[in-house]
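Please open the model in your viewer and keep the selection tool at hand, since this tour moves from one selection to the next and says at each stop what is there.

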Amino acid sequence: MAASPLCTWLVAACMSVTADNEFAPKPSMVQCSKRLSRWGKRRRVLAQCSDFARGGSISSSIQGLVSSCLAFEPCDQYCSSKGLPYSAFFGDNALSSLFGSKSLPPNRRQRRTNRGSHSGETMAVAVQPAKEVTTKKKPLTEQRRVVVTGMGVMSPIGHEPDIFYNNLLEGVSGISEIESFDCSHFPTRIAGEIKSFSTDGWIAPKLSKRMDKFMLYMLTAGKKALADGGITEDVTDELDKSRCGVLIGSAMGGMKVFNDAIEALRVSYRKMNPFCVPFATTNMGSAMLAMDLGWMGPNYSISTACATSNFCILNASNHIIRGEADMMLCGGSDAAIIPIGLGGFVACRALSQRNNDPTKASRPWDTNRDGFVMGEGAGVLLLEELEHAKKRGAKIYAEFLGGSFTCDAYHMTEPHPDGAGVILCIESALARSGVSREDVNYINAHATSTLAGDFREYQALVRCFGQNPELKVNSTKSMIGHLLGAAGAVEAVATIQAIRTGWVHPNINLESPEEGVDTDLLVGSKKERLDIKVALSNSFGFGGHNSSIIFAPYK
């Protein structure tokens, strides 16, 4: 019952007043509305009966607030005019029970304000909170470490990590004439094509018939990564699936499914595949894999052209580091060796036309290179939080230290002339990973066998790491071609395998190095032994997207 008159009195009291001896109302108050006149009457009542507070204790924090503002409190006459006892406002228990506050003596500000109220000056009222709000600081915690516990790969030279890497070490080329369609009328008729592929045991036959190949490669590689990481059905049942996610991207998406839909539309929309839209989108592979596994953690895809895989891997690791997930499947997949894909890159004048000698077509840093060779496939890593991996007794292949992204902001397809974006990306990746440039002694380069891109990247690497005599650089694309959005993940598998085995694969077809390229920096035509301290893998994409990711042996 005391709350309503208390609020009324506070509003009236907290108007600006002139604290003279008579507290006479201003002439302007007479002309105010009826509502303001009521406030004026109450103020005059207060003026006639107020007694300046010169000492004593204040019964509550609210009374202290009133004294702080106006240095007077309602007297018995004002309270009796409302039919309420004085204790209803400032009794020992009234406000304490109402607001839960404790009795406090006048503070320094209140005493200073009290003195000012006697000076006859107009005061501006500022209501201060009765209690200070303290912000709790987060306790410092050690950053969660991310490790690689599983790998899956689909490539032109192998569908298992060990077979794939052994072929790389032996210098086996997966580039040959295209067999999946008639390309005799194209100026380029070669690619890193996957010749034999089966989804048996990995994907339901019904889905296999409907899905685009980029999704088939993705789901197969993803499940193989789980199997390689020891995620059996029993282990799966024990996982907290709300903390397991999938982040696998694609540069081109379901081009075949979409192209078939366009051809069907020429006849009638009734002939179109009802799954043509969802199966063409780049995110659907990650979504379908998560549905199959029941993983309810972070799930999406990233598409940044040929830098897609690295973007997905780095973002997946960030979900683990931030504590949003304990386990992430990540990487990339693409299957664009179809007429529209081949024709599009031919129109860009980006592809090699060395049709008579396919295995010699991809030749990074060689003076006779004439463009890149398209490839297809998928690469998937199983990233896991270190303690989570140790708890389940997982085999740890390597540690993921971090990475970075930048943008050239220069041209859609051409690299920046001075390599500014690449240099910034590498230096940022080193800084964020806490790695010294002297510790990096292996780089799996983006090097696609294009005239401008190879040398620009080489110059950036020399600028960043040129003083390290132990550094070795190679390009996986010399043997498998450019897998577009899958390139970074497949090359990440190669990088991790190099860490595991202590061998780095050769650069094949490097017969006449470009002028200005130091061959001592590049791996030769045969595999080389290397005790890797820290490894860096680059991927760049149309649009000026740059990405660098860093791995190291787990210690």
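Begin by selecting helix α11 (residues 213–228) together with α14 (284–293), whose axes come within 9 Å and cross at roughly 45°; helices here are DSSP runs of H or I with at least four residues, strands are E runs of at least two, and both are numbered from the N terminus. The axes are lines fitted to C-alpha atoms, for helices over the stretch in contact, and the angles run from 0 to 180 degrees between N-to-C directions. The two helices α11 and α14 are therefore oblique to each other, where angles under 35 degrees count as roughly parallel, over 145 as roughly antiparallel, 65 to 115 as roughly perpendicular and the rest as oblique. Their crossing is right-handed, a term used if the near helix is turned clockwise from the far one by less than a right angle, whereas anticlockwise makes it left-handed.

To see what fills this contact (heavy atoms within 4.5 Å), show Met215, Met218, Leu219, Gly222, Lys223 and Leu226 of α11, and then Met284, Gly285, Ser286, Met288, Leu289, Asp292 and Leu293 of α14. By class, the contact of α11 with α14 has eight nonpolar, three polar and two charged residues, with Ala, Val, Leu, Ile, Met, Phe, Trp, Tyr, Cys and Pro counted as nonpolar, Asp, Glu, Lys and Arg as charged, and the others, Gly among them, as polar.

A note on what is on screen: this is a predicted model, in which local features need pLDDT of at least 70 and side-chain atom pairs count only at pLDDT 80 or more, while totals for chains, interfaces and linings use all residues. Residues are numbered from 1 along each chain as its sequence is written, and side-chain values use heavy atoms, with hydrogens and water left out.

From α14, follow the chain into the loop that leads to α15 (308–321), where Ala305 lies. Ala305 has a positive phi of about 55° although it is not a glycine; most residues other than glycine have a negative phi. Thr304 lies in the loop between α14 and α15 as well, and at 9% relative accessibility Thr304 counts as buried (under 20% relative accessible area, with exposed over 50% and partly exposed in between, for a 1.4 Å probe and protein chains only). Leaving aside residues up to four places away in sequence, Thr304 touches Phe311, Gly541 and His545.

Next, colour the open sheet of nine strands, which has mixed pairing and the order β4-β5-β6-β1-β7-β13-β12-β8-β9; two strands pair if DSSP finds at least two bridges between them. At the edges stand β4 (244–249) and β9 (472–474), each with a single partner strand, so one side of each is left without a neighbour in the sheet. Within the sheet, β1 (residues 146–154) and β6 (residues 377–385) run antiparallel and are joined by eight bridges, and the partner of Gly150 in β6 is Leu382.

Finally, select helix α18 (residues 420–433), which lies across β7 (398–407), β8 (440–444), β12 (534–541) and β13 (545–552) and runs at about 145° to β7. Add helix α19 (residues 451–465), whose axis comes within 9 Å of that of α18, crossing at roughly 40°, and note that α18 passes α19 in a right-handed crossing. Here Val422, Ile423, Ile426, Glu427 and Leu430 in α18 meet Ala460, Leu461, Arg463, Cys464 and Phe465 in α19, and the residues of this contact divide into eight nonpolar, no polar and two charged.
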